[in-house]
Amino acid sequence: MEKKNIWETFDAKHLKKLENLNLEYRNFLDNSKTERECIDSIVNAIEKEGYRELEVLIENGEKLVKGDKVYSVWMNKSIVMFRIGEKPMAEGINILGAHIDSPRLDIKQNPLYEEGGFAYLDTHYYGGVKKYQWVTIPLAIHGVVVKKDGTTIELNIGENEEDPVFFVSDLLIHLSQEQLEKKASKVIEGEALDIIIGNKPLVIDKKAEKGKDKEHSKARDKESEKEHAKETVKAGILSILKENYGIEEEDFISAELEVVPAGKAREAGFDRSMILAYGQDDRVCAFTSMRAMLDVKDSARTACCILVDKEEIGSMGATGMQSRFFENAVAEVMELYGEYSELNVRRCLAHSCMLSSDVSSAFDPSFASSFDKKNVAYLGGGMVFNKFTGSRGKSGSNDANAEYLAHLRKVMADKKVNFQTAELGKVDLGGGGTIAYILALYGMNVVDSGVAVLNMHAPWEATSKADVYEAYRGYKAFVEEASM
C-alpha cells in the first residue's frame, strides 16, 4: 500500500485549525513536564469546559444524566474523564487511554553529597533511556517536597530564563580514548548520572559568628569540624535550599523530584512542520485524547478518557494502569447513573471499545536498516494503528482482532481521517509494550494507536504537526462513532 504525506490533503481551513491545535499542544508540553503538572494542566482545562469532580458529586449525593461531564483524579498522577452518553453504560463505553509519565532522572531519597569541589544530587533513571544522551545538556528540577507536617513545597527550577540550570558532566574528548572503546550502553553508567548543582563553598561571616554562643562553639566535636570543612559546597547548597525553599536535607526522604531537559517545546524545520520537545511520549496522545473529549458535543455511548502514570516502568503501582483505580471509577459513575451492579460493571468493560493511545516509532532514514519500510510509521503519514506491539514473536502483545480493525477503518473513512499502520521495528530487533494488554483483560476490543515519534525516549523528541492534528481528529471520530 502506498504511503502518503497528509500535508497535501489539508485545505486552508484545516491548516489554520492544525496550527492552533499545535500551539495549544506546545503550551501544554511546557507546563506539563511531570505527571503532577500534567494533572494540574488537564484539570484546569476540563473544569473550564464544565467537568465536575466525581468525588464531590458522590459526597453531595447527586445523580448523573445524559450529557453530564465528570472526572476523578487519583493521587495527583492519574485522571479519568467521563462524558455520559444516551445508551446504557452496560452496553459498553468508548475509551481513550494514554500515559502521562515519560523517561527522566529521579532524585534519590538520600541524594546530596560533595565530591571534588562540586555538590551533586544522586539520581536513578526512570524508564528506558540511552544514558549517554543525558550528559552535558541543561536540566531542570520539577516536583514536590512534602515535609513531616504535611506541608507540600512545589519546585520548578530551570525553566525560566533567570533560573539556574543543572547538568551531568562528561569526559573531555582529549582524555576519552578508553571511554570511546566501551559499548554505548556502558559509556555512561547509571550511577554516573548525578547532576551537578553547585561549586561555591559556604562563606561564614566571622563577625557574625562572634555573637553566637561560645559554649556551643567549644562543644562541637573536632571530627565534625573537619567533616564540615570538607563539605563547604554542600553546606552552601543546604543554606540556599533552606533560605529559598524552606527545605532541609532530611526532607529529601519524602520528596518526588524529577530531572528533565530544561527548555520549551519548539517548532522544528525551516517549514515549521515539526515539534521538538521533551516528553512527547506519551503526552502527545494524552493531549490529543483530552482535546478530543472536550470537543465532542454528543455521542450515543458514554465517552471516557483515562490518562495514567507508570507506563514506562510496567504500569505498576497505585497510579499505574494495573491498579483498580479505573475500574472503581467506572463503578462509581454507574452508581450515580443508576446502573450499578457488579454484573453491569463487568458487562460495561467487556462491551467497551478502546484506543490504547501511545506513540509509534517513526521511520528514520539515518537508521533505515532497523525498520521494515512497508510496515513502519512515517512523520506526516497520519495517525498510526499498531495491530500488535510486543517483541519478536509478538511476546506481551495485545494483537487486536481483525473485526475491530475493520470497524475502525470504517469510522476513520466516514470522518475522512488519514491513518497509517505500523510495527515497532524489524521482527527480531526489539519491541515494546503499552497499556493495551491490561484493558484487554476485561475482554474489550483494544488496539494501539497514536502518533509517530522520531528520537523516541530521547531528551528531545520530534513529531509532525500534521500527525498531532490527525490523531486529534481520529480520537474525536472514535469517541463519536465507535460502537462494536
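Let's start with a word I'll use a lot: buried means under 20% relative accessible area, exposed means over 50%, and partly exposed is in between, using a 1.4 Å probe and protein chains only. By that scale E19 is partly exposed, with a relative accessible area of 33%.

Quick housekeeping. This is a predicted model, so local features need pLDDT of at least 70 and side-chain atom pairs count only at pLDDT 80 or more, while totals for chains, interfaces and linings use all residues. Residues are numbered from 1 along each chain as its sequence is written, and side-chain values use heavy atoms, with hydrogens and water left out.

Okay, back to E19. Its partner is K465, and the two form a salt bridge with the closest N and O atoms 2.9 Å apart. By salt bridge I mean a side-chain nitrogen of Lys or Arg within 4 Å of a carboxyl oxygen of Asp or Glu. E19 lies in helix α1 (residues 12-30) and K465 in helix α14, so this pair ties together parts that are 446 residues apart in sequence. Helices and strands here are DSSP runs numbered from the N terminus: H or I with at least four residues for a helix, E with at least two for a strand. K465 has 0% relative accessibility, so K465 counts as buried.

Helix α1 also carries R26, whose side chain meets that of E267 in a salt bridge, 3.8 Å from N to O. E267 is in strand β11 (residues 266-268), so here the parts tied together are 241 residues apart in sequence. R26 is buried at 12% relative accessible area, while E267 is partly exposed at 28%.

Then there's R36 with E256, 2.9 Å from N to O. That one runs from helix α2 (residues 35-48) to strand β10 (residues 255-261), so it ties parts 220 residues apart in sequence. Both ends are partly exposed: R36 at 24% and E256 at 34%. How do E19, R26, E267, R272 and K465 go together? Salt bridges that share partners join them into one network. The full count of salt bridges is 32.

Now the inside. A nonpolar core is a set of buried Ala, Val, Leu, Ile, Met, Phe, Trp, Tyr and Cys residues joined through side-chain atoms within 4.5 Å. The largest one has 60 residues, and I46, I79, M81, L96, L355 and F478 touch the most other members. Helix α14 (residues 465-481) gives the largest share of this core, nine residues.

Have a look at F478. Contact means heavy atoms within 4.5 Å, and, leaving aside neighbours within four places in sequence, F478 is in contact with residues including I95, L96, L355 and Y404. I95 sits in strand β4 (residues 94-99) and is buried at 0% relative accessibility. With the same neighbours left aside, the contacts of I95 include C304, F326, M444 and F478.

Last stop, the largest pocket. A pocket is an open set of points on a 1 Å grid over the protein atoms alone, where a 1.4 Å probe fits, with protein on both sides within 12 Å along at least five of seven lines; lining residues have an atom within 4 Å of a point. The largest holds about 1,000 Å³ of space. Of its 34 lining residues, S361, L424, N455, M456 and H457 are the closest to its centre.

Note on methods: Points joined across faces, edges and corners; volume = space filled by probe spheres on them.
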